[in-house]
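Morning, everyone. I have one structure to walk through today. Let me put it on the screen.

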Amino acid sequence: MLPHLDAAYNLARWITRNDHDAQDVVQEAVLRAYRFLDGLRGEAKPWLLAIVRNSCLTWLQVNRPADLAGFDDRIVEAPAPEDEGPEAQAMRAFDRRMLNEAIAALPAQFREVLVLRELEDMSYKEIARVADVPIGTVMSRLARARRLLGESVRAVSNAAGI
Amino acid sequence: MTRDEAQRLLHAYVDGELDPAKALELEAHLAENPAARAACERLRGMSAAIRTKVDYHVAPAAFAERLSASVPGAQERPRRLMLARWLVPAAALAGVALLAWIAAALLVRPGADDRLAAEVLDAHVRATLAGRPFDVASADQHTVKPWLSARLPFSPPVADLSAQGFELSGGRLDYVGGQRVAVLAYKRRQHLIDVFVWPSAARPAEPRLARDGFNIERFARDGMEFWLVSDLNRNELGDLARLLEEHSAL
């Protein structure tokens, strides 16, 4: 088994949002990683995931340019809602499928930090390395990601009358 | 701390990324502000929901095999390369490290806290390796608590936290720091969490430690010391520590 393959696959699967594309991307990334093995400095996992992420972006550029919009930094900031009440309860009541769909629907740059933080349990520093942004940006993207997710959870549960 | 700053730092706090000084400042702010506290709880709830409910996509076995086969010598190549490249400086480093270690061993005896951490970790690993994580297997706090009380000179608080996603799976006795201690075994997904409890007047210095891939959380409450050990991530282990602290106060 190749090291960190599951982490690579999970990230690619969450960025491309389907199994077939994830396999293509990971395969390319792993072959590339082995070619550039000499470039490995520090920890292997963030290094490999950074390569996987870049392969994802290249792949999207060619095959699904519309999805790249999710990596656009100019996404406008929605004003924070005043009442941030019931999404905690909604989260608990939320079933697996709806939560997965809500995350899949987030813009890609927020989806990836959320996946790296919550599913890979990576530190801000490691995420910064993977996404190639400063640590401060990781922090603000995570905050945005969680706010967007909270809003979408609330919207869905309101519509469903939960 | 201003409201804006607290809001900005809340995510880093929940993610365990704040330095201890800032974390203390923020905790003081949270203690005074119910709204901020609620926001903090919401964030924790969201994080826990994602971690327990969102799909982790494992590479399909057939794909992993195919890929391993297409990377020639995937297993040995990195090791050989590393060895050749790093052998000389690594050997030099090892020499320096050895000297430093000898000097440290001569000059500084490990603190009582360090020794305890090592003992608690050893006990946890031993129990896991032996495949005997508990002497009394029960998810019922009213079975585990009397079983422990009957065999110890104290009665450890045993909380039912299944609603919060921490399932009690049993209890056992162990021997740490020269005394018999209670161990509560909780489960979260596939992770086993040992909670060591013993009466003590000490206040643990550092609330969280990481050793050899294991996380340790500890706190003192009402004359009892609690040490949590697990390979679970530090966020969720921190959640359990907080829950236990709340419950043992009741």
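Start with helix α7 of chain A. Its buried residues are A:Y124, A:E126, A:I127, A:A128, A:R129, A:V130 and A:A131. That is seven of the eight residues in α7(A), so this helix is mostly covered. Before I go further: this is a predicted model.

What do the buried residues of α7(A) pack against? Three helices of chain A: α3, residues 44-63, plus α6 and α8.

Take the α6 contact. Helix α6(A) covers residues 108-119, and α7(A) covers 124-131. The two pack at an angle of about 140 degrees, and their axes are 10 Å apart. At that angle, α6(A) counts as oblique to α7(A), because roughly antiparallel needs over 145. The crossing of α6(A) past α7(A) is right-handed.

Which residues meet there? From α6(A), we have A:E112, A:V113, A:L116 and A:R117. From α7(A), they face A:I127, A:V130 and A:A131. By class, this contact holds five nonpolar residues, two charged ones and no polar ones.

Now step off the end of α7(A). The helix is followed by A:D132. This residue sits in the loop between α7 and α8 of chain A. Look at its backbone: phi is near 55 degrees, a positive value in a residue other than glycine. Is A:D132 buried or exposed? Exposed, because A:D132 has 10 other C-beta atoms within 10 Å, and the cut-off is 12 or fewer.

There is another positive phi in chain A. A:R17 has one of about 65 degrees, and A:R17 is not a glycine. Find A:R17 in the loop between α1 and α2 of chain A. A:R17 has 15 C-beta neighbours inside 10 Å, so A:R17 counts as partly exposed.

On to the interface. 35 residues of chain A are in contact with 30 residues of chain B. On the chain A side, six helices each supply at least two residues: α1 (5-16), α2 (19-35), α4 (87-93), α5 (96-104), α6 and α8 (135-160). Which helix gives the largest share? It is α8(A), with six residues. The side of chain A that touches chain B divides into 19 nonpolar, six polar and ten charged residues.

Now chain B itself. Its secondary structure comes to eight helices and seven strands. Of its 250 residues, 26% count as buried. Take contacts in chain B between residues at least 6 apart in sequence: 53% of them join residues at least 24 apart.

Let me show you some of those strands. β3(B), residues 179-188, pairs with β4(B), residues 191-199. The pairing is antiparallel, over seven bridges. As one example, B:V183 has B:F196 in β4(B) as its bridge partner. β3(B) and β4(B) form a hairpin, with two residues between them. In that turn, B:R189 has a positive phi of about 50 degrees.

β4(B) has another partner. Which strand do seven bridges join to β4(B)? That is β7(B), residues 224-230, and β4(B) and β7(B) run antiparallel. Here B:V195 has B:L228 in β7(B) as its bridge partner.

To recap: α7(A) is mostly covered, α8(A) gives the largest share of chain A's side of the interface, and β4(B) pairs with β3(B) and is joined to β7(B). Over to you for questions.

Methods:
Residues numbered from 1 in each chain as written. Chains lettered and ligands numbered in written order. Predicted model: local features only at pLDDT ≥ 70, side-chain atom pairs only at ≥ 80, totals over all residues. Pairing = 2+ DSSP bridges. Helix = DSSP H or I, 4+ residues; strand = E, 2+ residues; numbered from the N terminus. Buried ≥ 20, exposed ≤ 12 C-beta atoms within 10 Å, placed from the backbone. Contact = placed C-beta atoms within 7 Å. Axes fitted to C-alpha atoms, helices over the stretch in contact; angles between N-to-C directions. Parallel < 35°, antiparallel > 145°, perpendicular 65-115°, else oblique. Left-handed = near helix turned anticlockwise from the far one by under 90°. Nonpolar A, V, L, I, M, F, W, Y, C, P; charged D, E, K, R; others polar.
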